[in-house]
Amino acid sequence: MHHLIFATNNSHKVLEVKSLLGSNFTIESLQEAGIFIDIPEPFDTLEANAIEKARVIYQLTGSSCFSEDTGLEVPALGGEPGVKSARYAGDDRSFENNIDKLLSKLKDQTDQAARFRTVICLNLQGVNHLFEGICPGRLLGERRGEGGFGYDPIFVPDGADLTFGEMTLDEKNQYSHRKKAITKLTEFLTTLPDSNSLPGTNTNLQPDGQNKN
Ligand code: IMP
């Protein structure tokens with residue numbers, strides 16, 4: 001059994017990742033681990049942000065952990081919103097406003113291709129392991145569906161007719177960037193010696209997150 005902290009405050013991501021893990025894995029979100037901090041994403045690549053988020057939590061807890069950073073990349077917009085996907089609308093950022101800004105930028109574009117890219121960083125005893133998942137697709141000019149989060153209502157993955165926002169979680173998982181990256185992570189973890197605690201894992205987390213190793 002492998003136990004890891006998932007270094008995120010995004011409840012949608014936690015739900016998705018928990019639905020993807022087999023019975024050999026358990027994870028705790030930051031909130032579940034009693035860690036109440038907002039980890040900054042100051043860098044200009046998904047990789048650097050993922051590494052930073054995992055580093056912060058590893059340093060705080062002494063526990064092996066993983067983080068992920070995801071961006072929606074639109075070639076017609078030079079890769080935007082990309083690493084800025086969460087804060088695309090600037091100070092007014094919200095899922096709604098980010099979509100509105102993207103739709104207004106796409107209005108005059110004929111190429112509607114886009115892809116989600118997820119980078120996971122597993123920090124094992126201070127050593128980083130990166131895993132990538134890509135979901136190619138296209139963007140619609142209007143929202144469809146109430147499910148999911150972020151840009152899901154305007155994104156149709158290749159091979160589907162529905163937006164992620166119209167899909168159930170299981171349906172989204174058949175295509176998703178996050179699923180592909182998590183599969184690589186779990187495949188890697190299963191190559192490690194099976195144990196109740198991964199190297200560097202501190203299973204005695206204190207509720208205030210002030211753990212020392
Ligand atoms: P971050 O990885 O927390 O920086 O999130 C980046 C942003 O990308 C989120 O705020 C969402 O708007 C968007 N995003 C990330 N993953 C997904 C997804 O699976 N579907 C739709 N939007 C997503």
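In the predicted model, an oxygen atom of the ligand lies 2.8 Å from an N or O atom in the side chain of His177. The neighbouring position in the sequence also takes part: an N or O atom in the side chain of Arg178 is placed 2.8 Å from a nitrogen atom of the ligand. A further approach involves the backbone, with a polar backbone atom of Thr70 found 2.9 Å from an oxygen atom of the ligand. The protein buries 94% of the 480 Å² that the ligand exposes when taken alone.

The shell around the ligand comprises 16 residues. Lys13, Asp152, Lys172, His177 and Arg178 are the closest of these. By class, the shell contains 7 charged, 5 nonpolar and 4 polar residues. Two elements, β3 (65-73) and α5 (177-190), each contribute two or more residues to this shell. The greatest contribution is that of β3, which provides 3 residues.

The ligand occupies the space of the largest pocket. The volume of this pocket is about 800 Å³, and 33 residues form its lining. Asn10, Lys13, Glu41, Asp69 and Ala86 are the lining residues closest to the centre of the pocket. Lys13 is thus listed both among the residues closest to the ligand and among those closest to the pocket centre. At least two lining residues are supplied by each of α1 (11-20), β3, α3 (95-106) and α5. The largest share again belongs to β3, with 5 residues of the lining. In terms of residue class, the pocket lining consists of 12 polar, 11 charged and 10 nonpolar residues.

Enclosed space was examined separately. Rolling a probe the size of a water molecule over the atoms shows where empty space remains. The structure contains 1 cavity of 30 Å³ or more, and the volume of the largest cavity is about 30 Å³. Its lining is formed by His2, His3, Leu4, Leu21, Phe25, Thr26, Ile27, Phe66 and Leu189. Strands β1 (2-6) and β2 (25-29) each provide at least two residues of this lining. The cavity lining divides into 6 nonpolar and 3 polar residues, with no charged residue present. The lining of the largest pocket, by contrast, includes 11 charged residues, and the shell around the ligand includes 7.

Two features of backbone geometry were also identified. The peptide bond joining Glu80 and Pro81 is cis, with omega at about -10°. Pro81 belongs to strand β4, which spans residues 81-82. The second feature concerns Gln125, a residue other than glycine with a positive phi, near 50°. Gln125 is situated in the loop between β5 (113-124) and β6 (127-139).

Methods: Residues are numbered from 1 along each chain as its sequence is written. This is a predicted model: local features need pLDDT of at least 70, side-chain atom pairs count only at pLDDT 80 or more; totals for chains, interfaces and linings use all residues. Side-chain values use heavy atoms; hydrogens and water are left out. A residue is near a molecule or strand if one of its heavy atoms lies within 4 Å of it. A polar contact is a pair of N or O atoms within 3.5 Å; within protein, one must be able to donate a hydrogen and the other to accept it, and residues adjacent in sequence count only if both atoms are side-chain atoms. Accessible areas come from the Shrake-Rupley method with a 1.4 Å probe; for residues, only the protein chains shown count as cover. On a 1 Å grid over the protein atoms alone, a cavity is a set of points where a 1.4 Å probe fits but cannot get out, and a pocket is an open set with protein on both sides within 12 Å along at least five of seven lines; lining residues have an atom within 4 Å of a point. A molecule sits in a cavity or pocket if more than half of its atoms lie within 2 Å of its grid points. Helices (H or I, at least four residues) and strands (E, at least two) are DSSP runs, numbered from the N terminus. Ala, Val, Leu, Ile, Met, Phe, Trp, Tyr, Cys and Pro count as nonpolar, Asp, Glu, Lys and Arg as charged, and the others, Gly among them, as polar. Grid points are joined across faces, edges and corners, and a volume is the space filled by probe spheres set on the points.
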